[in-house]
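Q: I would like to learn how the words used to describe a protein model follow from computed values. Could we go through them step by step, with the cut-off stated wherever the reasoning needs one?

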Amino acid sequence: MDVTPTRAAGLERLAAFASKAGRRYAGRRNYDTGPGDTAEVSRLSPWICRRMVLEEEVIAAVLGAHSRASAEKFVQEVFWRGYFKGWLEQRPAVWESYRAGLLEDRARLADASEWAEAEAGRTGIACFDAWAQQLVETGYLHNHARMWFASIWIFTLRLPWRLGADFFLRHLLDGDAASNTLSWRWVGGLHTVGKTYLARSANIAKYTEGRFPSTPGLVGSAVPLDEGALPPRSPLRTLPPPQPVPSLYLLTTEDLSLAPLPSAEVAGLAALPLAADRSPGSINAAIDAFDHAAFADAATRFTAELHMVETADALIERAVAAGARQIVTGFLHQGWVRDWIEAARPGLDASGFSVVEVQRDWDRAVHPHARAGYFNVKKKIPDILDTLAPDAEALPLFRRA
């Protein structure tokens, strides 16, 4: 499948898939029939997670081809990403705990052969080994395979869940701090406390259509992981709007779409490539290559020349050179990009450059409902659709380039 890191390629993929997002998707979405067969799922996540293609655009295109009833399952999957992001926004301590715990797990298992064998796909569990190798080679795994893989990692191989989540982030082209962290927690029984997901041989055989007819040795039951009570919810942030002054527009992998532009003059354009910040381990080179090409593609929709910056000092230098009075960027969800900005913020503030985030209507509509389980978001989907993506006529509003 073409995973060219341009907005045009993402929109082409969306157009090709939209007609399949109804009953066909609902009936076939859980089948993983092999790395070369991706016709039943959208494979849009590398573009959506960087907001090269927007959630509203995806839903508008799908609802232009299907009724809400027939596209219900696909629409719900789009909302899962917003749910996870909103949930983690209200519990930043969960992300902080993941990052700190990952360092501890890496130090504790530094010499563990089981960890190395699992990542190399040499466990002797045929399906697991195939998925490990596919992930490293392609940067992709079907969502159902991700769930099976995580379950086997945690409950059959008995490896720390954070190391598995980190393995995904180091290789997935669509790696996302919220979706990845919380999905692994969900499998282990930490997100929906006490409820685990167990990979079963019969289920794997059915949904891989016999590619893996038998997977012996999987555990038949498991005790949920326990990390104590969830932290209390924090209030969602209220963000000031950008000032109408010359601004350095900062592209990050949190938001690479041009629409909508903030109400500020674009005096300069910078990009923050932070693939290496995903993990303390080695990152698949394909991720950094994808990000750099995506930045370059985004820059074609601006009149300003793009400059890559990798340190806070370089960002300040670029803002000064551009004659900017503020730095404007997309909303920074919990994750490694926000961690970098927060660490740099005192120095930026001292130099007179505030970082102003622009939050999309989608986030403002979804995040407040992500207080507990997904049901709170799910029941609000009709109202949100009425407001943000009523029909396919919405799509041209985002084709600004």
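A: Let us begin with contact, which means that heavy atoms lie within 4.5 Å. The model shown here is predicted, and in it Phe212 touches Ala126, Cys127, Ala130, Trp131, Ile204 and Ala205, once residues up to four places away in sequence are left out.

Q: Where does Phe212 lie, and what makes Phe212 buried or exposed?
A: Phe212 is found in the loop between helix 12 (201-207) and strand 1 (247-251). Buried means under 20% relative accessible area, and because the value for Phe212 is 11%, Phe212 is called buried. As for distance, the C-alpha atoms of Phe212 and Lys380 are separated by 39 Å, and the two residues are 168 residues apart along the chain.

Q: Why is Thr215 called buried or exposed, and which residues is Thr215 in contact with?
A: Thr215 also has its place in the loop between helix 12 and strand 1. Its relative accessibility is 6%, which falls under the 20% cut-off, so Thr215 counts as buried. Leaving aside neighbours within four places in sequence, Thr215 is in contact with Ile125, Cys127, Ser201 and Ile204. Cys127 thus appears among the contacts of Phe212 and among those of Thr215.

Q: What makes Cys127 buried or exposed, and what of Cys49?
A: Cys127 has a relative accessible area of 1%, and because this is under 20%, Cys127 is buried. Cys49 has 9% relative accessibility and therefore counts as buried by that cut-off.

Q: How many disulfides does a search of the whole structure find?
A: The search finds zero disulfides. To be counted, a pair of cysteine sulfur atoms would have to be within 2.5 Å, and no such pair is found in the whole structure.

Q: Why is helix 9 called oblique to helix 11?
A: The axes of helix 9 (residues 143-156) and helix 11 (residues 177-188) come within 9 Å and cross at roughly 60 degrees. Angles under 35 degrees count as roughly parallel, 65 to 115 as roughly perpendicular and over 145 as roughly antiparallel; the angle here belongs to none of these ranges, so helix 9 is oblique to helix 11. The crossing is right-handed.

Q: Which residues of helix 9 and helix 11 meet, and how do they divide into nonpolar, polar and charged?
A: On the side of helix 9 the residues are Met147, Phe149, Ala150, Ser151, Trp153, Ile154 and Phe155, and on the side of helix 11 they are Trp184, Trp186, Val187 and Gly188. The residues of this contact divide into nine nonpolar, two polar and no charged.

Q: What makes helix 1 roughly parallel to helix 4?
A: Helix 1 (residues 7-17) and helix 4 pack at an angle of about 30 degrees, with their axes 10 Å apart. Because angles under 35 degrees count as roughly parallel, that name applies to helix 1 and helix 4. Their contact is made by Arg7, Leu11 and Leu14 of helix 1 together with Glu57, Val58 and Ala61 of helix 4, and these residues divide into four nonpolar, no polar and two charged.

Q: How do you know that helix 4 is mostly covered?
A: Nine of its nine residues are buried, and among them are Glu55, Glu56 and Glu57 as well as Val58 and Leu63. The buried residues of helix 4 pack against helix 1, helix 3, helix 5 (72-89), helix 16 (361-366) and helix 18 (381-388).

Q: Why is Arg51 called buried or exposed, and what of Arg158?
A: Arg51, in the loop between helix 3 (45-48) and helix 4 (55-63), has a relative accessible area of 4%, which is under 20%, so Arg51 is buried. Arg158, in the loop between helix 9 and helix 10 (161-169), has a relative accessible area of 67%, and because exposed means over 50%, Arg158 is exposed. Phi is positive in Arg51, near 50 degrees, and also in Arg158, about 60 degrees, although neither residue is a glycine.

Q: What makes Asp297 buried or exposed, and which residues does Asp297 touch?
A: Asp297 lies in helix 13 (residues 285-299), and its relative accessible area of 13% is under 20%, so Asp297 is buried. Residues up to four places away in sequence not being counted, Asp297 touches Pro5, Thr6, Arg7 and Met52.

Key:
Residues are numbered from 1 along each chain as its sequence is written. This is a predicted model: local features need pLDDT of at least 70, side-chain atom pairs count only at pLDDT 80 or more; totals for chains, interfaces and linings use all residues. Side-chain values use heavy atoms; hydrogens and water are left out. Buried means under 20% relative accessible area, exposed over 50%, partly exposed in between (1.4 Å probe, protein chains only). Axes are lines fitted to C-alpha atoms, for helices over the stretch in contact, and angles run from 0 to 180 degrees between N-to-C directions. Helices (H or I, at least four residues) and strands (E, at least two) are DSSP runs, numbered from the N terminus. A crossing is left-handed if the near helix is turned anticlockwise from the far one by less than a right angle, and right-handed if clockwise. Ala, Val, Leu, Ile, Met, Phe, Trp, Tyr, Cys and Pro count as nonpolar, Asp, Glu, Lys and Arg as charged, and the others, Gly among them, as polar.
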